[in-house]
Amino acid sequence: MGDHEDSHSNWDVLNASRRRFLGAGAALGGLAFFGRSSPTSALQRLVELPMSNGQRELVTYPQKRELIRMTARPVQLETPMSVFNEGVFTPNDAFFVRWHLAGMPTSIDERAFRIKIHGRVRQPIELTIDDLKNSYEPVEIAAVCQCAGNSRGLFNPRVAGGQWGNGAMGNALWKGVRLRDILQKAGIESGAAQVRFNGADGPVLPSTPDFIKSLDMDIALSPDVIVAYSMNGAPLPLLNGYPVRLVVPGWYATYWVKMLNDIEVIGEVDESFWMKPAYRIPDNPCACTEPGKKGGDTIPINRMVVRSFITSVADGAALPSGRSQEVNGIAFDGGFGIARVMLSTDGGKTWAETKLGKDHGKYSFREWRSTFTPKKGNHYELASMAVNTKGESQRLTPRWNPSGYMRNVVEILRVTCV
């Protein structure tokens, strides 16, 4: 589907997909659209994530292939790790899903959709999707979108919150317009401190805070922050924020507001619920603390830390002996770019350089590859460690914080040779 495809045809595809899914619900053993359960089936597929109580259903939603369901209301779907071995860009139908509020629209009329820009601006404006596509310079940027709580289920001691494995992330080529251009057209008044963002989703109960996020002016005016209407050359899937979402490259996905319909310039630091107390990290260089320790200053979570993963070999795999075994993976960070990735086959005792793949930009996944020749009967502990251009690397021991954010420890896969 092209960027300018009529919204009716887009949603005809969605509705047809929805009808096919609902009709096949019993056979899939999955879940009907947005959390209405279908009868359990003997064919129901399950996956076991490497954590306590890690059993999850594999389910299919409209515009999505089979993904790992964490919750149905709100919809939270994890990408299986094998998907990241398919290529540097995560397919739209396999891209993870994370909503905070269950009150999200199940259909959007793109022609009626408006984005309101107001607050401390000289000229409040409302923009249609056509305005974005036709009245502003289009830009494209490759960027990783990663949930702040990605891998939370692996924290020890266990912490509260969604128990994600490692698949609450994805890399896409995003197309849209610079947020800066929109704000400059409205005219930013003096005294502006932050820009606040809201989307079309809302709480089910009046007591639940609306999901609203804010960025300091220097970040909001960065040329890399965009209002995106396209993802990997197609309209955003509904579950990933159709028709537009904020893209904040290098920063955790909590700021990437979906179904973006309200942009407000404010004259103070936002202390609404989702900025304070939610999504805070310890105010120290490691964003970490000791389990059980109380108190301490916190700041809003912000830039991502460096990470890497092995994608071509699964934990527990049995590898054939006597021939070269290819080991591939991905690495990324918060926007400084990956300088090198090293591979260990002995759990981190020794390391060897890998070969980096094509550079798609400092915010993108960077593919890497290596080989080793396993010997029959041996056990191996495979691990990768990424280093960015600032010299920041992953850690050999995990850091802990009470929200389960920003995990970037070296992950180990244990395999045998047969």
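In the predicted model, residue A383 has I412 as its bridge partner, and I412 belongs to strand β26. This pair can be placed within a wider pattern, since strand β25, which covers residues 379-388, is joined to strand β26, covering residues 412-417, by 5 bridges, and the two strands run antiparallel. Both strands belong to an open sheet of 5 strands, arranged in the order β19-β26-β25-β21-β22, in which the pairing is mixed. At the edges of this sheet lie β19 (318-319) and β22 (352-353), each of which pairs on one side only.

Considered as a whole, the protein contains 5 helices and 26 strands. Of its 418 residues, 55% are buried, while the area that the protein exposes comes to about 17,700 Å², with 49% of this area supplied by carbon and sulfur atoms. When contacts between residues at least 6 apart in sequence are considered, 69% of them are found to join residues at least 24 apart.

The interior was also examined for enclosed space, and a search of the whole structure finds 3 cavities of 30 Å³ or more. The largest cavity holds about 150 Å³ of space, and it is lined by 18 residues, of which F96, R98, R245, A253 and K258 are the closest to its centre. By residue class, the lining of the largest cavity is made up of 12 nonpolar, 3 polar and 3 charged residues.

Terms used: Residues numbered from 1 in each chain as written. Predicted model: local features only at pLDDT ≥ 70, side-chain atom pairs only at ≥ 80, totals over all residues. Heavy atoms only, no water. Pairing = 2+ DSSP bridges. Helix = DSSP H or I, 4+ residues; strand = E, 2+ residues; numbered from the N terminus. 1 Å grid on protein atoms, 1.4 Å probe; cavity = no way out; pocket = protein on both sides within 12 Å on 5 of 7 lines; lining within 4 Å. Points joined across faces, edges and corners; volume = space filled by probe spheres on them. Nonpolar A, V, L, I, M, F, W, Y, C, P; charged D, E, K, R; others polar. Buried < 20%, exposed > 50% of the residue type's maximum accessible area, 1.4 Å probe, protein only. Contact = heavy atoms within 4.5 Å. Areas by Shrake-Rupley, 256 points an atom, 1.4 Å probe, with all protein chains shown as cover.
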